[in-house]
Amino acid sequence: MHRHRNHHVHAATMRAMPTTTEALLWQELRGSQLGVGFRRQLVIGRFIVDFAAPSARLVVEVDGGYHAARAKADARRDRELGQLGWRVLRVDAAVVQHRLGEAVALVRAAIAA
C-alpha cells in the first residue's frame with residue numbers, strides 16, 4: 001500500500017508542474033470540451049498517465065524526445081494498460097507544440113473510435 005500512496009503523491013507533484021506541451025494540451029482537454037471528462041496525471045494500476053478519460057477508457061500520453069529511447073518500455077506499459085481495459089493514444093510533443101489542432105483532432109478521433 002505504501003508504494004501505491006507514493007504514486008499518488010508523485011502524481012500530485014506532476015500535476016503541479018506540467019511540461020509545456022502537457023499544459024497546452026490540457027487547455028484543450030479540460031472541462032469536457034471534447035464531450036468526455038479528462039483527468040490529468042491519473043494513477044492507473046502502477047502507472048501515472050498524462051491524461052485519461054475514464055468514461056471512454058482512453059489514456060493520452062504526450063511523448064517527448066526521451067520516449068524514442070523508451071520504445072520497449074512504452075510498448076510494455078501500453079500493453080499493461082490495455083490489459084486493465086484502457087486504450088492508449090500517444091501524441092508526439094512536437095505535434096502538440098506546433099500543430100495543436102492536429103493533436104486535438106487525434107484525441108477526438110480516438111474518443112470516437
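Trainee: Which residues in α2 meet which ones in α5?

Mentor: On the α2 side they are Leu-24, Leu-25, Glu-28 and Leu-29, and in α5 they meet Leu-100, Val-104 and Val-107. Keep in mind that we are looking at a predicted model.

Trainee: At what angle do the axes of those two helices cross, and within what distance do they come?

Mentor: The axes of α2 and helix α5, which covers residues 100-112, cross at roughly 55° and come within 11 Å. Because oblique is the class left over once angles under 35 degrees, those from 65 to 115 and those over 145 are set aside, that angle makes α2 oblique to α5.

Trainee: Left-handed or right-handed?

Mentor: The crossing of α2 and α5 is right-handed.

Trainee: Back to Leu-24 for a second: what does it touch outside its own stretch of sequence?

Mentor: Leaving aside residues up to four places away in sequence, Leu-24 touches Val-96, Gln-97 and Leu-100. With Val-96 the C-alpha to C-alpha distance is 7.2 Å, although the two residues are 72 apart in sequence.

Trainee: And is Leu-24 buried or exposed, or in between?

Mentor: Leu-24 is partly exposed, since its relative accessible area of 31% falls between the 20% limit for buried and the 50% limit for exposed.

Trainee: Different topic: how many aromatic pairs does the count come to?

Mentor: The count comes to 1 aromatic pair, formed by Trp-26 and Phe-51, whose rings are stacked with 5.8 Å from centre to centre and 5° between the planes.

Trainee: Where do the two partners sit in the chain?

Mentor: Trp-26 belongs to helix α2, residues 20-29, and Phe-51 to strand β2, residues 47-53, so that the pair links distant parts of the chain, 25 residues apart.

Trainee: Why does Trp-26 count as buried, and what about Phe-51?

Mentor: Trp-26 counts as buried because its relative accessibility is 16%, and buried means under 20%. Phe-51 is buried as well, with a relative accessible area of 0%.

Trainee: Could we step back? How many helices and strands are there, and what pattern do they follow?

Mentor: The secondary structure comes to 5 helices and 4 strands, and along the sequence the protein follows the pattern α-α-β-β-β-α-β-α-α.

Trainee: What share of the residues is buried, and what about the long-range contacts?

Mentor: Buried residues make up 38% of the 113 residues. Of the contacts with a separation of 6 or more, 58% are accounted for by residues 24 or more positions apart. As for the surface, the protein exposes about 6500 Å², with carbon and sulfur atoms supplying 55% of that area.

Trainee: Which strand holds Asp-63, and what does Asp-63 touch?

Mentor: Asp-63 has its place in strand β3, residues 58-63, and, not counting residues up to four places away in sequence, touches Arg-90, Val-91, Asp-92 and Ala-93. Asp-63 is buried, at a relative accessible area of 11%.

Trainee: One more for the backbone: what is phi of Ser-32, and what is it near in Gln-41?

Mentor: Ser-32 has a positive phi of about 55° although it is not a glycine, and phi of Gln-41 is near 50°, again a positive value in a residue other than glycine.

Trainee: Where do those two lie, and how covered are they?

Mentor: Ser-32 lies in the loop between α2 and β1 and is partly exposed, with a relative accessible area of 40%. Gln-41 lies in strand β1 and is buried, with a relative accessible area of 1%.

Terms used:
Residues numbered from 1 in each chain as written. Predicted model: local features only at pLDDT ≥ 70, side-chain atom pairs only at ≥ 80, totals over all residues. Heavy atoms only, no water. Buried < 20%, exposed > 50% of the residue type's maximum accessible area, 1.4 Å probe, protein only. Contact = heavy atoms within 4.5 Å. Areas by Shrake-Rupley, 256 points an atom, 1.4 Å probe, with all protein chains shown as cover. Phe/Tyr/Trp six-rings, centres within 6.5 Å; stacked < 30°, edge-to-face > 60°. Axes fitted to C-alpha atoms, helices over the stretch in contact; angles between N-to-C directions. Left-handed = near helix turned anticlockwise from the far one by under 90°.
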